[in-house]
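Hi there,

Here is the structure I promised to send over. Please have a look at it first, and then read on at your leisure.

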Amino acid sequence: MSDATKNFTPPTLPFIDGEYRKPAAGRTNPLTNPATEEVIAEVAAADVSEAAAAIESAFNAWQKVWRDLAPGRRAGILFEIARMIRANAEELAVLETTNIGKPISDARDEIELGARVFEYYAGAVSKFYGQTIPVARGGFDFTIRQPMGVVACIVPWNFPFPIASWKVAPALAAGNVVVLKPATLSPLTALKLGELACAAGLPPGVLQVLPGSGSVLGDVLVTHPLIRKVSFTGSTEVGRRIMELAAGDLKRVSLELGGKSPNIVFADSDWKRAADTSPMSVFANTGQDCCARSRVFVERSIFEMFLDRFVDATRHLVVGNPMDTATQIGPLVSASQRESVEEFLDDARHHGSRFVCGGARPQCRGYYLEPTVLTGVGHGDRCWREEIFGPVVCVMPFDDESSMIQEVNASTYGLSGSIWTNDLRRALRVARAVESGVLSINCHNSVHVEAPFGGFKQSGLGRDLGMAAMEGYTELKNVYVAE
Ligand code: NAP
């Protein structure tokens, strides 16, 4: 066993009704450290009947304890969860890095982000108002936002802890109980969150954490009659299936799905800063980022200068051992994820794209792949159209604003993107025209705890974060009192 995993004690059982509980069937999924290719844990998988029992028990906890708990007590527990996350931050960060190969400095930032999310929604509990409405016939009309009941939260492996926090915290703050299903590849910090939340005073059953395969547990999580809402982050393909299944009894769904985000650089911008900072907007998390700016549109007059500088910055990225604090880019999450990215590279070679840098596996253990910059990519090619979810970027010149925007919006996705220009009117015009849920001007920040996050088109529906997320975990009721 390597140094990184020496003192590593991962949770390996589902967390149900306030305790780690061994499933009856004894089926387990092995976890592999992507940096070393060593098996680091065998995590027990819940089966369908255990998932159904966990949902029913969550419903009991909702009816008996959580639904009617005074808002101040609910907020107090959420504040305490944030404190517990911080008190255990290093353990959580090491679990995440060892599990999925994320650089440790990124993992630490993401654990802190999770703590801030719990704090934000703890504070939101007392600021989540209804309205009074001056209806035409007089009397007194007001709205109440009510919790739904049991919410199923299904999360992916690329940002396991923050995305679990984005869903669990607002759902609990709004008065719901949660059944959380982490990805099979990345269950460790979700399980630990269940344990820490209970230690912080969350009553047993209010947060159930069920590791296990989505293809096994997915149907029961989406169709069980006691589930009132499914909050999903993952691929567009699985999101579509969830929406179809949820239609059966018209369950509420929110879907945060894939992306193919643009990074638009005008000649009048501080394009040197854009070139220096843009590599991390696509290669961070080894490109396994729904917001990755994987299509760079550069105004033709600066294209060659921009490309040289972008490639130079890419070559200076530190690829290496994710436990090293200097590392910026770790391995891909799994052997199959790397193979999937390499299929895109084969397609790019086949279609005659130019590999300006990268494109190969470094000579070391682990599922590494060099950050890869492509030009000369056809608008019909897979690398241009599809989400690659790996360290690959296409950089292309454009001549005029309106045809560039047409090409930006030709994507079926619409999640994120950046616009670089020093012309304020152009910045606002382009921001209005681009079909994306989240945009950044002269930077690459997509995520703010306080602001809504989500996509247009096939990037999803509904929003995480901000007060919009909390609204999404409630039903809106109108009450009229006659005069
Ligand atoms: P995925 O394959 O769709 O899996 C996501 C989650 O869904 C996992 O927990 C998975 O479980 C589960 N699942 C699989 N099949 C299911 C089914 N039939 N019913 C219910 N749940 C099922 O996605 P991924 O590969 O983990 O993540 C990558 C994708 O997520 C990318 O497309 C990325 O863009 C997207 N993403 C979007 C956002 C956003 O906010 N928009 C953020 C992060 C990632 P198993 O692991 O057991 O299969």
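Below is what turned up, going from the domains to the sheets, the cores and one residue. Please keep in mind that this is a predicted model.

**The two domains**

The domain assignment splits the protein chain into domain 1 (15-257 + 459-481) and domain 2 (262-448). Domain 1 is thus written as two stretches of the chain, with domain 2 numbered between them. The C-alpha centres of domain 1 and domain 2 are 31 Å apart. Where they meet, domain 1 puts in 25 residues and domain 2 puts in 27 residues. About 2200 Å² is buried between domain 1 and domain 2, and 60% of that area comes from carbon and sulfur atoms. If you want residues to look at on the domain 1 side, try E37, W157 and S459: they lose the most area to domain 2, and together they account for 23% of what that side buries.

**The sheets**

In which order do the strands of the seven-stranded open sheet run? The order is β14-β15-β16-β13-β12-β17-β18, and the pairing is mixed. At the edges are β14 (354-357) and β18 (440-441), each of which pairs on one side only. Further in, strand β12 (residues 262-265) and strand β17 (residues 418-420) run parallel and are joined by three bridges. You can pick out one of these pairings by finding I264, whose bridge partner in β17 is I419.

Helices lie against this sheet too. Helix α14 (residues 424-433) packs on it and touches β12, β17 and β18, with its direction at about 155° to that of β17. Helix α11 (residues 335-350) lies across β14, β15 (372-375) and β16 (392-398), and runs at about 125° to β14.

There is also an open sheet of three strands, with the order β5-β6-β20 and antiparallel pairing. Its edges are β5 (132-133) and β20 (474-481); each has a single partner strand, so one side of each has no neighbour in the sheet. Two bridges link β5 to strand β6 (residues 140-147), and these strands run antiparallel. Here T132 has F142 as its bridge partner in β6.

**The nonpolar cores**

In soluble globular proteins, nonpolar side chains tend to be buried together. In this model the largest nonpolar core has 97 residues, and the members that touch the most others are I81, I85, F118, Y121, L180, L207 and L210. Helix α4 (residues 104-124) supplies the largest share of this core, with 10 residues. At least three residues come from each of domain 1 and domain 2.

L180 is a good place to zoom in: beyond its neighbours within four places in sequence, its contacts are C153, V155, A164, V168, A190, L207, Q208, V209 and L210. A second, separate core has 24 residues, including I264, L369, C394 and V434. That is the I264 with a bridge partner in β17.

**One residue up close: F15**

Is F15 buried or exposed? Its relative accessibility is 3%, and buried means under 20%, so F15 counts as buried. F15 is found in strand β1 (residues 15-16). Setting aside residues up to four places away in sequence, F15 touches Y20, L191, G194, E195, C198, L207, Q208 and V209. The C-alpha atoms of F15 and V209 are separated by 5.0 Å, although these residues are 194 apart along the chain.

Happy browsing, and all the best!

Notes. Residues numbered from 1 in each chain as written. Predicted model: local features only at pLDDT ≥ 70, side-chain atom pairs only at ≥ 80, totals over all residues. Heavy atoms only, no water. Pairing = 2+ DSSP bridges. Helix = DSSP H or I, 4+ residues; strand = E, 2+ residues; numbered from the N terminus. Contact = heavy atoms within 4.5 Å. Axes fitted to C-alpha atoms, helices over the stretch in contact; angles between N-to-C directions. Core = buried A, V, L, I, M, F, W, Y, C linked by side-chain atoms within 4.5 Å. Buried < 20%, exposed > 50% of the residue type's maximum accessible area, 1.4 Å probe, protein only. Domains from an automatic or database assignment. Buried area = accessible area lost by both parts, 1.4 Å probe.
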